[in-house]
Amino acid sequence: MDSIVIKDLTYQYPTAEVPTLKNVSLTVKKGELCAIVGANGSGKTTLCNAIRGFVPIFYKGDISGEVLVNGKNVQEEELGTTAMDVGFVFQNPFTQISGVAPTVFDELAYGLCNMGIEPDEIRKRVEEIMKLTKTEEFRDRDPYQLSGGQQQRVALAAVLVMGQDIFVIDEPTSQLDPQSTDDIFEIIKLMKSMGKTIVLVEHKMEQVAEYADQVVVMDEGRIVMEGTPKEVFANPKCREYHTRLPQCTQIALELQEQGIDLDSIPVTVDEMIQMLQEKRKN
Ligand SMILES: Nc1ncnc2c1ncn2[C@@H]1O[C@H](COP(=O)(O)OP(=O)(O)O)[C@@H](O)[C@H]1O
Ligand SMILES: [Mg+2]
């Protein structure tokens, strides 16, 4: 079963002169992590908002094509209904805190309370998610007093606790340091192991190469490349789209340009090590 199916989607904001999304088609299978990469302004966030149903219901504008989430056309749903199926996490952790909960525990319980779930069940689910996401160490703290990285972990925990199967995560680490980035990817790895379907917009290509099943490159509103991390990053065409490459891929391509013969282009550090070891043997 496919979790998200986008068919020939073209969308233009009301104030824009040209479409921001052009003939975008994309399928994300259940349990798959699809990474969306591409230059600033290429339409990644707009695509996330199309999956959310905010484009066009909230932003208005002209749209053609279809977005199906769990088989339902999001443009035919009422605004907010898609949120029952999809959890969203955005770039700025600060804006995702509800502002009504005095502690992290209450923040995680907030959405479940609104759904009218029994207090015992809420406590059980919040405790479990806090343990899994390692947020229990700040359970009694004010969410606003946490660091950006800690707030983003709480934001991820707060969507995870709601129990949806599909997540759209837009540049969760762009404001975070390397350690906090690793912490966030630990949670993303956990989500994957739980069988969640994830659409992730991310500029950190080392992590994309490690965790993504499918990579989609956007350029000026179009999908210009798609495939496994290896198919995309090892293809020299990738460099035309202002997309960074994983460092080891960059190094391997430079070695190749210097005339050093490589059997394959690595996209993760493990692959690089393996390739060098085999080269030494031969
Ligand atoms: N609310 C809006 N109204 C009009 N144009 C917008 C709006 N939001 C984004 N855009 C334009 O759409 C294009 C794609 O933006 P965006 O989806 O945010 O790209 P990305 O997330 O890849 O940086 C940009 O040219 C941007 O200026
Ligand atoms: Mg964006």
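The questions and answers below go through a predicted model of one protein chain.

Residues are numbered from 1 along each chain as its sequence is written, and chains are lettered from A and ligands numbered from 1 in the order in which they are written. Local features need pLDDT of at least 70, side-chain atom pairs count only at pLDDT 80 or more, totals for chains, interfaces and linings use all residues, and side-chain values use heavy atoms, without hydrogens and water.

Me: What radius of gyration does the chain have, and why does it agree with that of a compact globule?
Reply: The radius is taken over C-alpha atoms, and the globule rule is 2.2 Å times the number of residues to the power 0.38. For 282 residues a compact globule would come near 19 Å, so the chain agrees with its value of 20 Å.

Me: How many helices and strands does the chain have?
Reply: Both are DSSP runs numbered from the N terminus, with at least four residues for a helix (H or I) and at least two for a strand (E). Counted this way, the chain has 10 helices and 10 strands.

Me: Which three residues supply 49% of the area that domain 1 buries against domain 2?
Reply: Domain 1 covers 1-85 + 165-179 + 191-229 and domain 2 covers 96-163, with bounds from an automatic or database domain assignment. The area buried between them is about 660 Å²; buried area is the accessible area (1.4 Å probe) that two parts lose on being put together, summed over both. Carbon and sulfur atoms give 80% of it. On the side of domain 1, the three residues that supply more than any other three are Phe167, Leu176 and Met191.

Me: Which residue forms a salt bridge with Asp85?
Reply: A salt bridge is a side-chain nitrogen of Lys or Arg within 4 Å of a carboxyl oxygen of Asp or Glu, and the whole structure has 15 of them. Asp85 lies in the loop between strand S5 (72-73) and strand S6 (86-89), and its partner is 13 residues away in strand S5. The closest N and O atoms are 3.0 Å apart, and the partner is Lys72.

Me: Which residue does a cis peptide bond join to Val55?
Reply: Most peptide bonds are trans. Here omega is about 5 degrees. The partner is found in helix H2 (residues 54-57), and the residue is Pro56.

Me: What is phi of Lys134?
Reply: Most residues other than glycine have a negative phi. Lys134 is in the loop between helix H4 (119-133) and helix H5 (148-160). Its phi is positive, near 55 degrees.
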